[in-house]
Amino acid sequence: STLEKRIAKHSSLDVYRGFAEIEVLPWVGKYERPDRKRWQTMVVASDFHDKEADPFAMQVFLETIKRVQPTIVCLAGDIYDNYEFSRYDKDPRQFDIAGRMRFVRDQILKPIREAAPMAQIDFLVGNHDQYVLRHMADRTPEMRVILSDFMGLSLADIFGIREMEINLVCKHDLAAFKAADIRKEIEKNRKTYFECLTVNHYPDPKFTMGTNTISGHTHKPAMYTSSNELLGGLVGVVNGCMCRIDASYVDKNRDQNGFTIAHFDTENKTCQLDQVVFADNFVNVAGTLYLRR
């Protein structure tokens, strides 16, 4: 009946919001590392898609972080792929839930922390990361496999948040159900740095936040320009992806690898964005040449 459906819906809302209150919100903003220097640097990347991460892109990204030693490393969504939890048709032979979790923890987050031990590492939850949060809240059979394999550890332990001191950016309502509503909610997981640059998972070509922007999601590098009275000229960068461009779920060569280095003058609230876009076989980052082998 309609009444039963409404009761069930409200019950699920309580489950998701209760999970967020216990497992998610305590880690939001927990590991902020304020730095009051005038000149600041941040490296921003997105769309790693866990085990689909491109080894060459990861090598360049990590070596850049080690060389630059940014104040902040921002992971702008879709660090996880969570193939098993997606809404698309799935091949059970490709299921490796625990392996994906380990990969993110040991092959992405841990190396970033080792490359920049003093940096603030921000993890903005994207649409793929949302999948696993929802299923953890549901405690589905798939999630029970993870929880059993990790001996009942919490989200903070599974994601490596506690061990690597990852600063979680997750402001959205996990109870959103429809795709359009979920997107609107995930757009809330944006963060503005030094009052002049907003990082969001989804592109913002209309500059609705009124600041410079960096985003991801599309896996296709792009750049927009605008201006306003307060900040003057604005630049909006859409990063390339950090996952393999020949991943199983995309058309070959449709995407490009890339990330962005942001330089800030915090006193004047201005920033310069150095967008790094990979060629097929090489990339040059601030004068250092890397060859894909």
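## Exercises on Ile186 and two histidines

Leaving aside neighbours within four places in sequence, Ile186 touches Val125, Gly126, Asn127, Gln130, His172, Asn200 and Tyr202 in this predicted model. Let's work outward from there.

**Exercise 1.** Find the helix that holds Ile186, and decide whether Ile186 is buried or exposed.

*Solution.* Start with the secondary structure: Ile186 belongs to helix 8, which covers residues 179-186. Next, take the relative accessible area of Ile186, which is 0%. Buried means under 20%, so Ile186 counts as buried.

**Exercise 2.** Work out how far apart the C-alpha atoms of Ile186 and Val125 are.

*Solution.* Begin with the contact list of Ile186, where Val125 is one of the residues. Along the chain, Ile186 and Val125 are 61 residues apart. In space, their C-alpha atoms are separated by 7.2 Å.

**Exercise 3.** Describe the backbone phi of His49, then place His49 in the fold and judge its exposure.

*Solution.* First, the backbone: phi of His49 is positive, at about 55 degrees, although His49 is not a glycine. Second, the location: His49 sits in the loop that runs between strand 1 (39-45) and helix 2 (55-68). Third, the exposure: His49 has 1% relative accessibility, so it counts as buried.

**Exercise 4.** Now do likewise for His219: what is its phi, which loop holds it, and is it buried or exposed?

*Solution.* His219, a residue other than glycine, has a positive phi near 70 degrees. Its loop lies between strand 7 (212-215) and strand 8 (222-228). With a relative accessibility of 5%, His219 is buried.

Conventions
Residues numbered from 1 in each chain as written. Predicted model: local features only at pLDDT ≥ 70, side-chain atom pairs only at ≥ 80, totals over all residues. Heavy atoms only, no water. Helix = DSSP H or I, 4+ residues; strand = E, 2+ residues; numbered from the N terminus. Buried < 20%, exposed > 50% of the residue type's maximum accessible area, 1.4 Å probe, protein only. Contact = heavy atoms within 4.5 Å.
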